[in-house]
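Me: I've got a model open and I keep tripping over the labels people put on it. Can we go through them and ask where each label comes from?

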Amino acid sequence: MEGQARLKEARVLLVGAGGLGSPAALYLGAAGVGTLGVVDADAVDATNLQRQILHGSADLGRPKVVSAADRLRDLNPHIEVWTHAVRLDRDNALDVLADYDLVVDGSDNFPTRYLVNDACVLRGIPFVYGAILRWDGQVSLFATPDGPCYRCLFREPPPAGLVPSCADAGVFGALPGVVGSMQAIEALKWILGVGEGLAGRLLLFDALAASWREVTVPRATDCPACGDAPTITELIDYDWFCGVDADGLPLADPDIDADTDVSPGPLPREVDAADLARRLARAEPPLVVDVREGWEWEAGHLGDSMHLPLGELADGHDGLPRDRPLVLVCSVGARSAGAAAHLRAAGFNDVAHLRGGLMTWVREIDSSLTVL
Ligand SMILES: [Zn+2]
């Protein structure tokens, strides 16, 4: 009875009534979460039905929040369903979140994901993170009082266009059923205060291998959102931050004349994935230095590479050989570019970095490598 009363009092906001939001909403509603908010600006499309099980063929063309509300009220007439037929953005997010205790993020794009994170951190509301692509899913719990946030894990978004959307890459329909149900479980545990929550842990589900793995995600004291001295004190333009326009399409590259050297200091020298693969096959290969965080390294790294997280590299580089070419790598090529410039400034002469990072390596050279 006590638990049921807690559920009745809880107010949970579902960001997105799509693949992840559908099973999460159904189980939260069925469990008796007293107030469910649903935010989604889209209408139901026939291509959604393969995985977005809140909606049926009779709902085609209806706003997803309306379709979702009808289904949830039918499932459990004792709960309140509040609808927000908007795209969450910097102007409305803090207001929308203000009425809720917990957020379940079922968004399918990076701008919304970073927006949800920052808004939850600023509001002090935890959120259950879920993400899916093709056969892979991720689940965690972020922005709890002592736990990490999404930016502790992914400081910056991947370059626009590098990670395909679910619509482009496809999703195995039952996969969001698993991940969204896990999100509902974590939300219910948080509300009830039972069990071991996922704060500080990222669960990885591989549907093809039928396996779950877990990596530890510590809170980053230098996190720009939830760190000890946060620099994100208000919401920003997340489309711009992620390099996409309002439709999610990549913005054109910043308008820099390639023939003119406009940036001060040393320029990063780059190798692409194929070039690095050729160099590694030679008799005297360069040393690959992986500047990612420990949890990223644990999930997967190149053989014979050396691990030197960016934070340690900034403190010193005594362990690095000066008589061997170095190729710095990270996930998408931003941290490695900065690290390469740092080392050149420190007198290392033969330093390159992998353009596009290990994600490009996965795409072009070795798809079996796990890069988070
Ligand atoms: Zn953080």
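Reply: Let's begin with handedness: a crossing is right-handed if the near helix is turned clockwise from the far one by less than a right angle, and left-handed if anticlockwise. Keep in mind that this is a predicted model. The crossing of H2 and H3 is a right-handed one.

Me: How do you know that the axes of H2 and H3 cross, and at what angle?

Reply: Helix H3 covers residues 64-75, and its axis comes within 9 Å of that of H2, with a crossing at roughly 35°. On the H2 side the contact has Ala25, Leu26, Gly29 and Ala30, which meet Ala68, Leu72 and Leu75 of H3. That contact divides into 6 nonpolar residues, 1 polar and no charged.

Me: What makes a residue in the contact of H2 with H3 polar rather than nonpolar?

Reply: Gly is counted among the polar residues, while Ala and Leu count as nonpolar. Gly29 of H2 is on the contact list, and the division has 1 polar residue.

Me: Why are H2 and H8 called oblique to each other?

Reply: Helix H2 (residues 21-31) packs on helix H8 (residues 175-192) at an angle of about 40°, and the axes are 7 Å apart. Roughly parallel needs an angle under 35 degrees, and roughly perpendicular takes 65 to 115. An angle of about 40° fits neither range, so the pair is oblique. As for handedness, H2 passes H8 in a right-handed crossing.

Me: Which residues make the contact of H2 with H8?

Reply: From H2 you have Gly21, Ser22, Pro23, Ala24, Tyr27, Leu28 and Ala31; they meet Pro176, Gly177, Gly180, Ser181, Gln183, Ala184, Ala187 and Leu188 of H8. By class, there are 9 nonpolar, 6 polar and no charged residues.

Me: What makes E3 and E8 edge strands?

Reply: Look at the order in the open sheet of 8 strands: E3-E2-E1-E4-E5-E6-E7-E8, with mixed pairing. Strand E3 (80-84) and strand E8 (211-216) each have a single partner strand, so one side of each lacks a neighbour in the sheet. On average, neighbouring strands here are turned by 15° against each other, direction ignored.

Me: How do you know that E5 and E6 pair?

Reply: Pairing takes at least two bridges. Strand E5 (residues 127-133) and strand E6 (residues 136-142) have 7 bridges, in the antiparallel sense, so they pass. One of the bridge partners to look up is aspartate 136 in E6, which goes with leucine 133.

Me: Which strands does H5 lie across?

Reply: Helix H5 (residues 110-123) lies across strand E1 (11-15), strand E4 (102-105), E5 and E6. Its direction is at about 170° to E4. An angle over 145 counts as roughly antiparallel, so H5 and E4 earn that label.

Me: What about the other sheet: how do you know that E10 and E11 pair?

Reply: E10 and strand E11 (residues 306-307) have 2 bridges in the parallel sense. The cut-off is at least two, so they count as a pair. Aspartate 290 stands opposite histidine 307 in E11. E10 (residues 287-290) is also joined to strand E12 (residues 326-329) by 4 bridges, again parallel, and valine 288 faces valine 327 in E12.

Me: Why are E9 and E11 at the edges?

Reply: The order of this open, parallel sheet of 5 strands is E9-E13-E12-E10-E11. Strand E9 (270-271) and E11 each have a single partner strand, so one side of each is left without a neighbour.

Me: How many residues does each domain put into the contact?

Reply: The domain assignment gives domain 1 (2-241) and domain 2 (270-364). Domain 1 supplies 7 residues and domain 2 supplies 6.

Conventions:
Residues are numbered from 1 along each chain as its sequence is written. This is a predicted model: local features need pLDDT of at least 70, side-chain atom pairs count only at pLDDT 80 or more; totals for chains, interfaces and linings use all residues. Axes are lines fitted to C-alpha atoms, for helices over the stretch in contact, and angles run from 0 to 180 degrees between N-to-C directions. Two residues are in contact if their C-beta atoms, placed from the backbone, lie within 7 Å. Domain bounds come from an automatic or database domain assignment.
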